[in-house]
Amino acid sequence: GISRLGPMQEIHDMSGPHGQPAALFGFAPAMLVGAEPEQQVLEQFGRLFGATATRPNQLIIQDWSAEPHTVPQQPASPRAVSSADYSLYGHTLYQRPALNGRLHWSSTETATRHPGHIEGALDAAHRVSKSILQTLG
């Protein structure tokens, strides 16, 4: 889902097989402000998905911008590239195994299709799993 009326602008169905357990995963463009973040998310989910979505078994909100290993604390240089520059993703170096086939790169950043998104991570996982199976051949 895509929504511009609430904190979560990009929402994905991350449910397990046959919809169990039911799960949603999404992105807010910036840290939630104002009312409690949990309440903002639940209100939006209620508008989008109905009353059941306002009563989750668990709600986890993670501010990835506060994590030292996911966001640089300061640009390496004035010409530092924005993390939204998807043209750098899918580099050919990461399309093939390294260390004599013992290391395979698989993440959304290595994807050539849908980089930076869940679909890109799935595409990269598919590419790498095929490569590993061929290696084991």
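This note sets out, point by point, the main features of a predicted model.

1. Overall architecture. The secondary structure of the protein consists of two helices and two strands. Read from the N terminus, these elements follow the order β-β-α-α. The protein has 137 residues, of which 19% are buried. Among contacts with a separation of 6 or more, 30% link residues 24 or more positions apart.

2. Strand S1 at Ile11. Ile11 belongs to strand S1. Its relative accessibility is 4%, so Ile11 counts as buried. Although Ile11 and Gly26 are 15 residues apart along the chain, their C-alpha atoms are separated by 4.1 Å. Apart from neighbours within four places in sequence, the contacts of Ile11 are Gly1, Leu24, Phe25, Gly26, Gln44, Phe45, Leu48 and Phe49. Two of these partners, Gln44 and Phe45, are also listed among the buried residues of helix H1.

3. Strand S1 at Glu10. Glu10 is likewise found in strand S1. Glu10 is buried but has no salt bridge, and the nearest side chain of opposite charge, that of Arg4, is 7.3 Å away. What does the side chain of Glu10 join through a polar contact of 2.7 Å? The partner is the side chain of His12. Beyond residues up to four places away in sequence, Glu10 touches Gly1, Ile2, Phe25, Gly26, Phe27 and His117.

4. Helix H1. This helix covers residues 37-49. H1 has 13 residues, and the distance from its first C-alpha to its last is 18 Å, close to the 18 Å expected at 1.5 Å a residue. The buried residues of H1 are Pro37, Gln40, Val41, Leu42, Gln44 and Phe45. Strands S1 and S2 are included in what covers these buried residues. Just after H1, Gly50 takes a positive phi of about 100°.

5. Helix H2. Helix H2 takes in residues 118-136. With 19 residues at 1.5 Å each, H2 should span 27 Å, and because its end C-alpha atoms are 27 Å apart, the expected and computed values agree. Its buried residues are Ile118, Gly120, Asp123, Ala124, Val128 and Ser131. The cover over these buried residues includes strand S1 (10-13) and strand S2 (24-27). Both strands are thus named in the cover of H2 and also in that of H1.

6. Aromatic pairs. The count of aromatic pairs comes to three. One of them joins Phe25 and Phe27 in an edge-to-face arrangement, with 5.0 Å from centre to centre and 80° between the planes. Phe25 is partly exposed, at a relative accessible area of 34%. Phe27 is also partly exposed, with a value of 37%. Another pair is formed by Tyr94 and Trp105: the ring centres are 5.2 Å apart and the planes meet at 75°, so this pair is edge-to-face. Tyr94 and Trp105 each lie in the loop between H1 and H2, so the pair ties together parts that are 11 residues apart in sequence. Tyr94 has a relative accessibility of 31% and therefore counts as partly exposed. Trp105, at 33%, is partly exposed as well.

7. The loop between S1 and S2. Most residues other than glycine have a negative phi, and most peptide bonds are trans. The loop between S1 and S2 contains departures of both kinds. A cis peptide bond, with omega of about -10°, joins Gln20 and Pro21. Pro21 has its place in the loop between S1 and S2. His18 lies in that loop too, and its phi is near 60°, a positive value in a residue other than glycine. Is His18 buried or exposed? Its relative accessibility is 84%, so His18 counts as exposed.

8. The loop between H1 and H2. Leu99 lies in the loop between H1 and H2. Its phi is near 50°, again a positive value in a residue other than glycine. Leu99 has a relative accessible area of 53% and is therefore exposed.

Conventions. Residues numbered from 1 in each chain as written. Predicted model: local features only at pLDDT ≥ 70, side-chain atom pairs only at ≥ 80, totals over all residues. Heavy atoms only, no water. Helix = DSSP H or I, 4+ residues; strand = E, 2+ residues; numbered from the N terminus. Expected span 1.5 Å × (residues − 1). Buried < 20%, exposed > 50% of the residue type's maximum accessible area, 1.4 Å probe, protein only. Contact = heavy atoms within 4.5 Å. Phe/Tyr/Trp six-rings, centres within 6.5 Å; stacked < 30°, edge-to-face > 60°. Lys, Arg positive; Asp, Glu negative; His and termini not counted. Salt bridge = Lys/Arg side-chain N within 4 Å of Asp/Glu carboxyl O. Polar contact = N/O pair within 3.5 Å; in protein donor to acceptor, adjacent residues only side chain to side chain.
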